[in-house]
Amino acid sequence: MNSLKDYFDVEMKLMAGLPLERVDAIVAKLHRARFDGRRIFVFGNGGSASTASHFACDLGKGTIKPDLPRFQVFALNDAFATITAYANDNGYDSVFAEPLITHAQRGDIALGISVSGNSPNVVRALETAEKLGLTTVAFTGFAGGKIKDRAEYHVNVPSESFGHVEDIHLALTHAICEMLKLQHDPH
């Protein structure tokens, strides 16, 4: 890539190829969770942790409407004491799975974000979520890695550029929240 134009040209092509029907299905699942009182657990590492935190904030606060229930959303990567305790005592791959075992209930949603799709702690958390009866969602890059087959709902950005994948993951979370602001009571 030799210019900003090149960077954004690639990003536009990746955006144009997004599987929007999968994103619509995630919006519908989150909308239903809002009314069923289900919890949403989001998590990732590094830039993906930042996206998870940002999404939890936008989903929890940015979608508030006086006539709708509020989302119960938690960014597991924001619990530093819990993360370091599990990492120290059980290994880093347990830092998201163990809190799910403690707090999640059948029917809740686990959304893992991993550019490579191979982050051991995200893979293990989605495996644990599946065993607990949670709906599993994954945002990945590259070729989807190990978690592409672990998630009931999977959105892949087929690029090996961390910047492009992370940009698009963040844009996806913004778009999802915007769509959820438009939703009404399904009853």
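Gln183 is partly exposed, with a relative accessible area of 24%. In this predicted model, Gln183 sits in the segment after H7. Leaving aside residues up to four places away in sequence, Gln183 touches Val27, His31, Lys65 and Leu68. Looking back along the chain, Gln183 and Ala171 are 12 residues apart, and their C-alpha atoms are separated by 19 Å.

**Helix H7 and its partners**

Let's step back into the helix that comes just before that segment. H7 covers residues 162-182, which makes 21 residues. How far apart are the end C-alpha atoms of helix H7? They are 31 Å apart, and that agrees with the 30 Å the helix should span at 1.5 Å a residue.

A good part of H7 is tucked away: His164, Val165, Ile168, His169, Leu172, Thr173, Ile176, Cys177 and Leu180 are buried. Several of these follow one another at steps of three or four, and there's a simple background to that kind of spacing. An α-helix has 3.6 residues a turn, so residues three or four places apart point the same way.

What do the buried residues of H7 pack against? On the helical side, the partners are H1 (4-16), H2 (20-36) and H3 (47-60). On the strand side, they are E3 (109-114), E4 (135-140) and E5 (153-156).

**The largest pocket**

H7 turns up again in the largest pocket, which holds about 160 Å³ of space. Which element gives the most to the lining of this pocket? That would be H7, with 6 residues. H2 and H7 each supply at least two residues of the lining.

Here's who is there: Met15, Leu18, Leu20, Val23, Asp24, Val27, Ile168, Ala171, Leu172, Ala175, Ile176 and Met179. By class, that comes to 11 nonpolar residues, no polar ones and 1 charged one. Some of these names have already come up. Ile168, Leu172 and Ile176 line the pocket and are also among the buried residues of H7. Val27 is another lining residue, and Val27 is also one of the residues that Gln183 touches.

**Salt bridges**

The structure holds 7 salt bridges. Three of them, with their N to O distances, look like this:

| Pair | N to O distance |
|---|---|
| Asp9 and Lys5 | 2.8 Å |
| Asp93 and Arg124 | 3.3 Å |
| Arg124 and Glu98 | 3.8 Å |

The Asp9 and Lys5 pair is a local affair. Both residues belong to helix H1 and are 4 residues apart, so about one helical turn separates them. Asp9 is partly exposed, at 32% relative accessible area, while Lys5 is exposed, at 56%.

The side chains of Asp93 and Arg124 also meet in a salt bridge. That pair links distant parts of the chain: Asp93 is in the loop between H4 and H5, Arg124 is in helix H6 (residues 120-132), and the two are 31 residues apart. Both count as partly exposed, Asp93 at 31% relative accessibility and Arg124 at 26%.

Arg124 has a further partner in Glu98. Arg124 lies in helix H6 and Glu98 in helix H5, so this pair ties together parts that are 26 residues apart in sequence. Is Glu98 buried or exposed? Glu98 counts as buried, because its relative accessibility is 17% and the cut-off for buried is under 20%. Through shared partners, Asp93, Glu98 and Arg124 end up joined into one network.

**Ser94, next door in the loop**

Ser94 has its place in the loop between helix H4 (80-90) and helix H5 (97-103). At 0% relative accessibility, Ser94 counts as buried. What does Ser94 touch, not counting residues up to four places away in sequence? The contacts are Tyr86, Pro99 and Arg124. Arg124 therefore touches Ser94 and also takes part in the salt-bridge network with Asp93 and Glu98, a link that connects H6 with H5 through the Glu98 pair.

**A backbone oddity at Phe142**

One last residue is worth a look for its backbone. Phe142 is not a glycine, yet it has a positive phi of about 45°. Where is Phe142? Phe142 lies in the loop between E4 and E5, and at 25% relative accessibility it counts as partly exposed. The two strands that flank this loop, E4 and E5, are among the elements that the buried residues of H7 pack against.

Terms used: Residues are numbered from 1 along each chain as its sequence is written. This is a predicted model: local features need pLDDT of at least 70, side-chain atom pairs count only at pLDDT 80 or more; totals for chains, interfaces and linings use all residues. Side-chain values use heavy atoms; hydrogens and water are left out. The expected span of a helix is 1.5 Å times one less than its number of residues. Buried means under 20% relative accessible area, exposed over 50%, partly exposed in between (1.4 Å probe, protein chains only). Contact means heavy atoms within 4.5 Å. On a 1 Å grid over the protein atoms alone, a cavity is a set of points where a 1.4 Å probe fits but cannot get out, and a pocket is an open set with protein on both sides within 12 Å along at least five of seven lines; lining residues have an atom within 4 Å of a point. Grid points are joined across faces, edges and corners, and a volume is the space filled by probe spheres set on the points. Ala, Val, Leu, Ile, Met, Phe, Trp, Tyr, Cys and Pro count as nonpolar, Asp, Glu, Lys and Arg as charged, and the others, Gly among them, as polar. A salt bridge is a side-chain nitrogen of Lys or Arg within 4 Å of a carboxyl oxygen of Asp or Glu.
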